[in-house]
Amino acid sequence: MARFPLLSAILLHLIVVSMQQGDDETLDIRQRFGSISSMMINDQMEREFTAMYLYETMTSYFGRPSVGLPGFKKFFKKAADKKRERAHKLIDYLNMRGGHVRLKPITPPSKFEWSSALDAAEMALGAEKNMMKEFYRLRDRADMESDPHLVNFIESEFLTEQVKGIQDLRELIARLNKAGSGLGELILDKELN
């Protein structure tokens, strides 16, 4: 190539320009998107899928002929579907921002049977409160990394919905406490169906 200095210079220039363009493309989508935020989003996906498993287990339990509470089955099935949708929103967001999706093993629920609908609703409330805490952590991390896009995504797509879900569970628990087990639980089941 020393015999063709102009050709060498042109090739070198093309290589440098193509490398810079690749870097620019990466920077465009990953701008202000930190690796810790990416890792935390992957962790949040795992939590969403784990909650989905919990709600699918509750759906199955309340759908058993021996339990016979189709309203609660429907309630928890809707919650499971919502968790799956949310996990996929996180996947789409990571892909959009140039992150890498790292699916992790889903932890099975600690229980597969509940003594009552109240017992299941209280377990669900605990899971949702933990989910809310983790969304706040992720939002705070995004704020610390000066990533307003991620902050907005979390606030607009998850936090309000999370607050509403917790409120719905608290109201359900209050109604179950007032109604009591047995006939009261059956009446509430009819209302949910």
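Let's start with confidence, since this is a predicted model. The mean pLDDT of the protein chain is 88, and 84% of the residues reach 70 or more. The stretch to watch is residues 17-27, where the pLDDT is below 50. Beyond near neighbours in sequence, that stretch has 0 contacts in the model. Where pLDDT is low, the predicted coordinates should not be read in detail. Please keep that in mind if you feel like setting up anything there.

Now the overall layout. The protein chain has 6 helices and 0 strands, so if you read along the sequence you get the pattern α-α-α-α-α-α. The chain has 193 residues, and 37% of them count as buried. As for contacts between residues at least 6 apart in sequence, 80% join residues at least 24 apart.On to the interior. Which residues of the largest nonpolar core touch the most other members? They are Ile-41, Tyr-55, Met-58, Phe-62, Phe-72, Phe-76 and Leu-150, out of 45 residues in that core. The elements that give two or more residues to this core are helix H2 (35-63), helix H3 (70-97), helix H4 (117-144) and helix H5 (148-179).

Leu-150 is a good one to click on. Leaving out residues up to four places away in sequence, Leu-150 touches Phe-33, Ser-37, Ile-41, Tyr-93, Arg-97, Leu-138 and Ala-142. Next along is Val-151, in helix H5, which counts as buried because its relative accessibility is 9%. Apart from neighbours within four places, Val-151 is in contact with Arg-139, Ala-142 and Asp-143. From Val-151 to Leu-138 there are 13 residues in sequence and 8.4 Å in space, C-alpha to C-alpha.

Here is a polar residue on the inside. Is Asn-42 buried or exposed? Asn-42 is buried, with a relative accessible area of 4%. This residue sits in helix H2. Its contacts, again not counting residues up to four places away, are Leu-94, His-100, Val-101 and Arg-102.

Let me turn to how two of the helices pack. H3 and H5 meet at an angle of about 170°, and their axes are 12 Å apart. The two helices are therefore roughly antiparallel to each other. On the H3 side, the contact involves residues including Phe-72, Phe-75, Leu-90, Tyr-93 and Met-96. On the H5 side, the list includes Leu-150, Phe-153, Phe-158, Leu-169, Leu-172 and Leu-176. Charged residues take part too, among them Lys-82, Lys-83, Arg-86 and Lys-89 of H3, and Glu-157 and Glu-161 of H5.

That brings us to the salt bridges, and the structure holds 23 of them. One joins the side chains of Glu-157 and Lys-89, at 2.8 Å from N to O. Glu-157 lies in helix H5 and Lys-89 in helix H3, so this pair ties together parts that are 68 residues apart in sequence. Glu-157 is partly exposed at 28% relative accessibility, and Lys-89 is also at 28% and partly exposed.

A second example stays inside one helix. The side chains of Asp-81 and Lys-77 meet in a salt bridge, 3.2 Å from N to O. Why are Asp-81 and Lys-77 separated by about one helical turn? Because they are 4 residues apart in helix H3. Asp-81 is partly exposed at 26% relative accessibility, and Lys-77 is partly exposed at 32%.

For a third, look at Asp-119 and Lys-111, where the closest N and O atoms are 2.7 Å apart. Asp-119 is buried, with a relative accessible area of 19%, just as the cut-off for buried is under 20%. Lys-111, on the other hand, is partly exposed at 28%.

There is also a network of salt bridges. Which residues does it link? The members are Glu-48, Lys-82, Lys-83, Glu-85, Arg-86, Glu-128 and Glu-161.

Last stop, a backbone detail. Ser-146 has a positive phi of about 55°, although it is not a glycine. You will find Ser-146 in the loop between H4 and H5, and this serine is partly exposed, with a relative accessible area of 42%.

Notes:
Residues numbered from 1 in each chain as written. Heavy atoms only, no water. Core = buried A, V, L, I, M, F, W, Y, C linked by side-chain atoms within 4.5 Å. Buried < 20%, exposed > 50% of the residue type's maximum accessible area, 1.4 Å probe, protein only. Contact = heavy atoms within 4.5 Å. pLDDT = per-residue confidence, 0-100. Salt bridge = Lys/Arg side-chain N within 4 Å of Asp/Glu carboxyl O. Axes fitted to C-alpha atoms, helices over the stretch in contact; angles between N-to-C directions. Parallel < 35°, antiparallel > 145°, perpendicular 65-115°, else oblique.
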